[in-house]
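Reader: Hi! I'm new to this one, could you walk me through it?
Author: Happy to. Let's put it on screen and start with the basics.

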Amino acid sequence: DMPLIDISKTLLDRCPQIIEGKVGSLEVLMENDRIKDVYNNLCWTSGWSDFFSLLSHWNPSLRVLEIGGGVGSTTATMLLHLAPAGRTRMYSKYTFTDISPGVLPLAKEKFKDFEEIEYSVLDISKDPTKQGYRPESFDLIIASNVRASVIFLTTVC
């Protein structure tokens with residue numbers, strides 16, 4: 001809980017500057033990688049190892065869509081399950097998305113050693129089909145940095 005306490009205290013301390021427009025709240029969150037620490041500590045996939053192992057063996061060519069990839073904390077954990085070091089990759093395509101195009105270059109750099117990862121902008125509050133996403137084109141949908149972390153398995157598995 002320390003990263004969450006630290007970031008809360010920092011935001012509270014910097015609140016006057018944020019309100020006055022002298023600094024942006026996102027800028028404060030990104031200082032000293034505070035937000036990465038919070039995401040890493042709150043990563044919800046740590047206890048799902050058996051599930052992802054079974055799922056990827058059942059369908060070793062999973063087509064994965066991650067909504068709200070953010071700083072990539074969930075992505076890193078997912079890739080540990082789906083592409084373990086020294087073993088065969090258990091997905092055919094992994095699509096990392098975020099509402100902010102600014103995080104995509106950072107994610108590309110972070111996951112450059114993994115194959116078949118696509119990076120694109122997706123605003124899930126709008127119709128995905130109007131943003132170039134075809135219906136029923138993913139087997140596993142992970143909504144990681146949205147209001148609550150959710151996993152969806154589609155019926156095409």
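Reader: How many helices and strands does the chain have?
Author: The secondary structure comes to six helices and five strands. Keep in mind that this is a predicted model.

Reader: Thanks! In what order do the elements run from the N terminus?
Author: The order is α-α-α-α-β-α-β-α-β-β-β.

Reader: And what share of the residues in the chain is buried?
Author: Buried residues make up 38% of the 157 residues.

Reader: Let's zoom in on strand β2. Is β2 mostly covered or mostly uncovered?
Author: Strand β2 covers residues 91-98 and is mostly covered, with six of its eight residues buried.

Reader: How many bridges join β1 to β2?
Author: Five bridges join them, and the two strands run parallel. Strand β1 spans residues 62-67. To get from β1 to β2, the chain passes through helix α5, residues 73-82, in a right-handed β-α-β crossover.

Reader: Which residue in β2 is the bridge partner of leucine 65?
Author: That is threonine 95. On the β3 side, threonine 95 stands opposite glutamate 118.

Reader: Oh, so tell me about β3. How many bridges join β2 to β3?
Author: There are five bridges between β2 and β3, which run parallel. Strand β3 is made of residues 117-121. Helix α6, residues 104-110, belongs with β2 and β3 to a right-handed β-α-β unit.

Reader: Back to the helix between β1 and β2. Why is α5 largely enclosed by the rest of the structure?
Author: Eight of the ten residues of α5 are buried, so this helix is largely enclosed.

Reader: Which residues of α5 are buried?
Author: They are Ser73, Thr74, Thr75, Thr77, Met78, Leu79, His81 and Leu82.

Reader: New topic: pockets. How much space lies in the second largest pocket?
Author: About 210 Å³. Its lining has 15 residues, and those nearest the centre are Leu65, Pro128, Arg134, Phe138 and Ile141.

Reader: Leu65 again, nice! What classes of residue line the second largest pocket?
Author: Its lining has nine nonpolar, three polar and three charged residues. And yes, Leu65 is the leucine with threonine 95 as its bridge partner in β2.

Reader: Last one, on contacts. Among those between residues at least 6 apart in sequence, what share joins residues at least 24 apart?
Author: For this chain, the share is 63%.

Conventions:
Residues numbered from 1 in each chain as written. Predicted model: local features only at pLDDT ≥ 70, side-chain atom pairs only at ≥ 80, totals over all residues. Heavy atoms only, no water. 1 Å grid on protein atoms, 1.4 Å probe; cavity = no way out; pocket = protein on both sides within 12 Å on 5 of 7 lines; lining within 4 Å. Points joined across faces, edges and corners; volume = space filled by probe spheres on them. Nonpolar A, V, L, I, M, F, W, Y, C, P; charged D, E, K, R; others polar. Buried < 20%, exposed > 50% of the residue type's maximum accessible area, 1.4 Å probe, protein only. Helix = DSSP H or I, 4+ residues; strand = E, 2+ residues; numbered from the N terminus. Pairing = 2+ DSSP bridges. Right-handed = clockwise from strand over helix to strand, strands pointing away. Contact = heavy atoms within 4.5 Å.
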